[in-house]
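Here's a quick briefing to read with the model open beside you. We'll begin with one working term and then go topic by topic.

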Amino acid sequence: MEEAIQTAISQGRLLQGSNIELGDEGTGPVVGKVRDTYSWQGDKLVLVTTARQSAFDRVIAQIPFKGQVLNRVSEWWFERTRSIVGNALLAVPHANVSVMKNCTVFPVEFVVRGYITGSTR
């Protein structure tokens with residue numbers, strides 16, 4: 001799989017999409033706003049984080065290194081919280097790619113708002 005990822009991600013810093021050949025072991029991609037998702041070996045997902053920037057369900061721009069930054073920040077948080085609660089992250093074979101366990105979704109949504117300093121008055 002790592003060779004397939006390296007071959008597919010040869011575009012450098014501005015990854016607009018993906019085309020990973022996983023052979024008989026995988027299907028996809030399912031293309032989302034920012035990530036392309038592949039099913040792999042039945043119980044795993046390969047998430048490719050791209051440079052796509054979207055608004056109102058439309059891709060409006062490409063931001064260099066966006067996918068790499070998002071993926072590495074996600075990796076950082078998954079690793080920091082692993083001792084608190086189990087998570088789905090299995091590997092990060094490339095700066096744009098995460099391999100995850102295929103899990104059942106537990107739908108929870110919340111909003112956190114705060115202020116860095118002061119107010120606008």
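A residue counts as exposed when its relative accessible area is over 50%, as buried when that area is under 20%, and as partly exposed in between. By that yardstick Trp77 is exposed, since its relative accessible area is 52%. Keep in mind that this is a predicted model. The chain has 121 residues, and 30% of them count as buried.

**Overall layout**

- The chain's secondary structure adds up to two helices and seven strands.
- Reading from the N terminus, the elements go α-β-β-β-β-β-α-β-β.
- Take the contacts between residues at least 6 apart in sequence: 41% of them join residues at least 24 apart.

**The tryptophan pair**

- There is one aromatic pair in the structure.
- Trp76 and Trp77 make up that pair in an edge-to-face arrangement, with 4.7 Å centre to centre and 85° between the planes.
- Trp77 is exposed at 52%, while Trp76 comes in at 41% relative accessibility and counts as partly exposed.

**Salt bridges**

- How many salt bridges does a search of the whole structure find? It turns up four.
- One of them joins the side chains of Arg52 and Asp36, at 2.8 Å from N to O. Arg52 sits in strand 4 (residues 52-55) and Asp36 in strand 2 (residues 35-40), so this pair ties together parts that are 16 residues apart in sequence.
- Both Arg52 and Asp36 are buried.
- Arg82 pairs with Glu79, and their closest N and O atoms are 3.1 Å apart. Arg82 is partly exposed at 35% relative accessible area, and Glu79 is partly exposed too, at 38%.
- Lys44 bridges to Asp43, with the closest N and O atoms 3.3 Å apart. Asp43 is partly exposed, with a relative accessible area of 43%.

**Lys66, a buried charge without a bridge**

- Lys66 belongs to helix 2 (residues 66-81).
- Which side chain of opposite charge is nearest to Lys66? That would be Asp36, but it is 11 Å away, and the buried Lys66 has no salt bridge.
- What Lys66 does have is a backbone oxygen close at hand: that of Arg52 lies 2.7 Å from a polar atom of the Lys66 side chain.
- Setting aside neighbours within four places in sequence, Lys66 is in contact with Val34, Thr50, Ala51, Arg52 and Gln53.

**Nonpolar cores**

- In soluble globular proteins, nonpolar side chains tend to be buried together.
- Here the largest nonpolar core has nine residues, namely Leu15, Ile20, Leu22, Tyr38, Trp40, Val46, Val48, Val97 and Val99.
- Strand 2, strand 3 (44-49) and strand 7 (97-101) each contribute at least two residues to this core.
- Another core, of five residues, lies apart from it and includes Leu47, Ala88, Leu89 and Met100.

**Around Gly26**

- Gly26 is found in strand 1 (residues 26-31).
- Not counting residues up to four places away in sequence, Gly26 touches Ser39 and Trp40; Trp40 is also one of the residues in the largest nonpolar core.
- Gly26 and Gly42 are 16 residues apart along the chain, and their C-alpha atoms are separated by 7.6 Å.

Notes:
Residues are numbered from 1 along each chain as its sequence is written. This is a predicted model: local features need pLDDT of at least 70, side-chain atom pairs count only at pLDDT 80 or more; totals for chains, interfaces and linings use all residues. Side-chain values use heavy atoms; hydrogens and water are left out. Helices (H or I, at least four residues) and strands (E, at least two) are DSSP runs, numbered from the N terminus. Buried means under 20% relative accessible area, exposed over 50%, partly exposed in between (1.4 Å probe, protein chains only). Lys and Arg count as positive and Asp and Glu as negative; His and the chain ends are not counted. A polar contact is a pair of N or O atoms within 3.5 Å; within protein, one must be able to donate a hydrogen and the other to accept it, and residues adjacent in sequence count only if both atoms are side-chain atoms. Contact means heavy atoms within 4.5 Å. A nonpolar core is a set of buried Ala, Val, Leu, Ile, Met, Phe, Trp, Tyr and Cys residues joined through side-chain atoms within 4.5 Å. Rings of Phe, Tyr and Trp (its six-membered ring) pair if their centres lie within 6.5 Å; planes under 30 degrees apart count as stacked, over 60 as edge-to-face and the rest as tilted.
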